[in-house]
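Okay, thanks everyone, let's get going. I'll put the structure up and then walk you through a few features that I think are worth a look.

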Amino acid sequence: AVSFGEISSEVTCGSMGVVEYLLGSGVAGMLYSVLCGQPMAFLAPTGLTLAFISGLFRFCSLRDLPFFSVYAWVGLWTSAFMSLLGLLGSSKLIRYCTRFTDEVFNGMLSVNFIYEAVSSLRRNFINADPLNLSMPFVALSMALGTFVGTMNVVKFEASKFFNTKVRKIIKNFGPVSVILLFTILNNLPWALKFNVPTLSVPDHFQLAGGRSFLVGLKAIPVSIRLLCAFPACLLTCLFFMDQNISVRLVNSPENKLKKGAAYNLDMLAMGIVTGVLSIFGLPWMCGATVQSMNHVRAMAETKRNEETGQMEITEVTETRLTGFIIHALLASTVMLLPLIKKIPIPVVSGIFLFLGRKLMTGNTFFRRISDAFAEKSRLKPKNPIYLLGRKKMSIYTATQVLCLLGLFGFKQIPSITIFFPAMIGILMSIRAFVLPNFFSEEEFVKLQDPTPE
């Protein structure tokens, strides 16, 4: 929330910052944990949602429209659409979103995290004070240190050191410890001379610009309120995909959950949450893959598979209480703003690098990219290259790469960013109507991407 709040403050010219993201994340998480059907899943800010908010802000600035009024009406329409989709049982349609689309979509999330981190670090070099050229390099070292440190403490659970309980504690509290360590280092007397930038937050609790909590819904004419339904349709598509993909990963058989899935109830709950956030002008939240899976693993009992060397889940404690308490504590951090203000921005960039790398884990799309250049004899027997041949696998993977580049390029154009969610439909169309001309159903099955019936 802190990371997204800092970036949001930049792209919305200070209209929505760290305070809003902390409060919005906390409120959304508490409401969702009570109302949803799958409490092991978490709502959180995502890069694609932030991109949509950024596009909406630019649109309002160009048309001289009050941002928060338009924002609230887009959110209310989205809330209505999401609730309606949940009541009509539309989540079953997510089966048409096959592995092809899932992998490109998650790849986009990963690339977006890394891009935002690199952009932030790049700005340090561009805007560096000629009298303090060491600052960008110190910031880069902090970011890389945060990234490497966080990666290592998360992987510590699979190490051979100490016992299971200690390893789990280090894994769960390690990332926060890394952030605290670099924050303390940055505030030592010898480090202050580098003037590494820190988070831009107020000294006391207040919303950006000192605005009131409730958004003025009547600040725009009725015609504009009705037209807000069109961008809401795009946002609904994005939420529908992001939410269902995240919850589907949580409900995966590998996690060994006992309680059944409730996708439509989750959609309805998210619709209600979106409506509440919109009225108060707080940032929208949707299904967060990394946070959801971390929650599942934190509540899981695991054992090491001697054959693969990987940690496998044996049982998960399913509860609403942990989600509610975690997000209540998150919301309460708005009372710690003077301390949050001391966190260096490069540390936030390091966390973004970690999230981007984390999303790559388990995404066979990225693995197939590296396998395309690997020696065949060194690959596992069940690798797609053995089942399809290098040429077929390369065609499938290259198509995904082109789709990912297209999505990323589309998102980078400010004037059309708001239409980004429509591109997801194009992905599904490519899989449904273009790829069958080059691949048989048997080949799709070998790629673990069967066509839904």
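**Salt bridges, cavities and a nonpolar patch**

So, let's begin with a salt bridge: Arg-378 pairs with Glu-375, and their closest N and O atoms are 3.6 Å apart. Before I go on, please keep in mind that this is a predicted model. Arg-378 is exposed, because its relative accessible area is 72% and the cut-off for exposed is over 50%. Its partner Glu-375 comes in at 49%, so Glu-375 counts as partly exposed.

How many salt bridges does a search of the whole structure find? It finds 9. Let me show you another one, between the side chains of Lys-258 and Glu-315, at 3.6 Å from N to O. Lys-258 sits in the loop between α10 and α11, while Glu-315 is in strand β4, so this pair ties together parts that are 57 residues apart in sequence. As for accessibility, Lys-258 is exposed at 64%, and Glu-315 is partly exposed at 42%.

Next up is Lys-392 with Glu-443, again a salt bridge, with the closest N and O atoms 3.6 Å apart. This one also links distant parts of the chain: Lys-392 belongs to helix α18 and Glu-443 to helix α20, and they are 51 residues apart. Is Glu-443 buried or exposed? It's buried, because its relative accessible area is 17% and buried means under 20%. Lys-392, on the other hand, is partly exposed at 25%. And there's a network too: Arg-99, Glu-103 and Arg-368 are joined into one by salt bridges that share partners.

Okay, on to the inside. The structure holds 3 cavities of 30 Å³ or more. The largest has a volume of about 100 Å³. It is lined by 13 residues, and the ones closest to its centre are Thr-46, Phe-113, Ala-288, Thr-289 and Gln-291. If you want to find the lining on screen, look at α5, α12 and α15, which are the elements that give two or more residues to it. The largest share, 3 residues, comes from α12. What is the lining made of, by class? You get 8 nonpolar residues, 4 polar and 1 charged.

Now the second largest cavity, with about 80 Å³ of space. Its lining includes Glu-6, Glu-10, Glu-116 and Arg-123, along with others such as Ser-120, Ile-345 and Phe-352. Here the elements giving two or more residues are α1, α5 and α15. So α5 and α15 turn up in the linings of both of these cavities. By class, this second lining has 5 nonpolar, 3 polar and 4 charged residues.

Last stop, the surface. There's a nonpolar patch of about 610 Å², made by Val-34, Leu-35, Ile-272, Leu-321, Phe-324, Ile-325 and Leu-329. Which elements give two or more residues to the patch? Those are α2, residues 18–35, and α13, residues 321–332. The largest share is from α13, with 4 residues. From the α2 side, take Val-34, which is found in that helix. Val-34 is exposed, with a relative accessible area of 51%, just over the 50% cut-off.

That's what I had, so over to you for questions.

Terms used. Residues numbered from 1 in each chain as written. Predicted model: local features only at pLDDT ≥ 70, side-chain atom pairs only at ≥ 80, totals over all residues. Heavy atoms only, no water. Patch = residues over 30% accessible without salt bridge, like charges linked within 9 Å, V, L, I, M, F, W, Y side chains within 5 Å. Areas by Shrake-Rupley, 256 points an atom, 1.4 Å probe, with all protein chains shown as cover. Salt bridge = Lys/Arg side-chain N within 4 Å of Asp/Glu carboxyl O. Buried < 20%, exposed > 50% of the residue type's maximum accessible area, 1.4 Å probe, protein only. 1 Å grid on protein atoms, 1.4 Å probe; cavity = no way out; pocket = protein on both sides within 12 Å on 5 of 7 lines; lining within 4 Å. Points joined across faces, edges and corners; volume = space filled by probe spheres on them. Nonpolar A, V, L, I, M, F, W, Y, C, P; charged D, E, K, R; others polar.
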